[in-house]
Amino acid sequence: MKETFAGSCLCGQVKYLVEGNAQGFYLCHCEYCQKDTGSAHAANLFFQNAVLTWLAGEKLITRFTLPNTKHVKAFCARCGSALPNQQPVGLVVPAGSLDDAPSLTPTAHLFIASKAKWDEKLEQVLAFETLPRDKLR
């Protein structure tokens, strides 16, 4: 039975549905994913035979392909949120764009040789429920 995944961008102008079964949920640490997420890694679900339906805002979707690579990113032109896009490996869906947490957990880390040097032992770093305003002064 196929799963249905609903998602949207940060501003809410782009909405989508993906129907299919994810073949994997990967955390990619390559230098390209670090740059285009502004973080330690990208978190993406990969689908080989899914159906993607844009429910709203399809005209706001911008795509960027890094020259001389297979790295592709789709995003909302209004708020910059990462969005699903078709790549040579199939449909790639940013986990953070899903409206509900996926039922699966990450399958594996990819390109760990490129892992950010500060992305180590994070479970030992202080954790706060909200923004620690008194710590930012």
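Modeller: A quick word on terms before we start: buried means under 20% relative accessible area, exposed means over 50%, and partly exposed is in between. Keep in mind, too, that this is a predicted model.

Colleague: Fair enough. Where in the protein chain is confidence lowest among the strands and helix, and where is it highest?

Modeller: Overall, the protein chain has a mean pLDDT of 93, with 98% of its residues at 70 or more. The low end is strand β9 (residues 85–87), with a mean of 91. The high end, at 98, is strand β8 (residues 82–83).

Colleague: How many helices and strands does the protein chain have?

Modeller: Going along the sequence, the pattern reads β-β-β-α-β-β-β-β-β-β-β-β. The C-alpha trace spans about 45 × 35 × 35 Å along its principal axes. Tallied up, the secondary structure is one helix and 11 strands.

Colleague: And what share of the contacts between residues at least 6 apart joins residues at least 24 apart?

Modeller: For background, 34% of the 137 residues count as buried. Take the contacts between residues at least 6 apart in sequence; the share joining residues at least 24 apart is 61%.

Colleague: Let's zoom in on β2. Which residues make up its covered face?

Modeller: One side of the strand, with Lys15, Leu17 and Glu19, is uncovered. The other side is the covered face: Tyr16, Val18 and Gly20.

Colleague: Which strand does β2 join by five bridges?

Modeller: β2 pairs with β1 (3–8) in the antiparallel sense over six bridges, and there Gly20 in β2 stands opposite Glu3. The five-bridge pairing is also antiparallel, and in it Glu19 has Val51 as its bridge partner. That strand, residues 51–56, is β5.

Colleague: Back to the hairpin of β1 and β2. Which residue in the turn has a positive phi?

Modeller: Six residues lie between the two strands of the hairpin. One residue in that turn has a phi of about 80°, and that is Gly12.

Colleague: Gln13 is in the loop there. Is Gln13 buried, partly exposed or exposed?

Modeller: Gln13 lies in the loop between β1 and β2 (15–20). Leaving aside residues up to four places away, Gln13 touches Ala56, Gly57, Leu60 and Arg78. Its relative accessibility is 38%, between the 20% and 50% cut-offs, so Gln13 counts as partly exposed.

Colleague: What about Asn68, with its positive phi: is Asn68 buried or exposed?

Modeller: Asn68 has a phi near 65° without being a glycine. Its place is in the loop between β6 (61–65) and β7. With a relative accessible area of 84%, over the 50% cut-off, Asn68 is exposed.

Colleague: Where does Phe111 lie?

Modeller: Phe111 is another residue other than glycine with a positive phi, near 55°. At 54% relative accessibility, Phe111 counts as exposed. Its place is in the segment after β11 (108–110).

Colleague: Last one, the largest pocket. Which residues lie nearest its centre?

Modeller: The largest pocket holds about 600 Å³ of space, and its lining has 17 nonpolar, eight polar and three charged residues. α1 (31–37), β4 (42–47), β7 (72–76), β8, β9 and β10 (90–94) each supply at least two lining residues. Of the 28 residues in the lining, those nearest the centre are Cys33, Asn44, His71, Val72 and Gln87.

Technical notes. Residues numbered from 1 in each chain as written. Predicted model: local features only at pLDDT ≥ 70, side-chain atom pairs only at ≥ 80, totals over all residues. Heavy atoms only, no water. pLDDT = per-residue confidence, 0-100. Helix = DSSP H or I, 4+ residues; strand = E, 2+ residues; numbered from the N terminus. 1 Å grid on protein atoms, 1.4 Å probe; cavity = no way out; pocket = protein on both sides within 12 Å on 5 of 7 lines; lining within 4 Å. Points joined across faces, edges and corners; volume = space filled by probe spheres on them. Nonpolar A, V, L, I, M, F, W, Y, C, P; charged D, E, K, R; others polar. Buried < 20%, exposed > 50% of the residue type's maximum accessible area, 1.4 Å probe, protein only. Contact = heavy atoms within 4.5 Å. Pairing = 2+ DSSP bridges.
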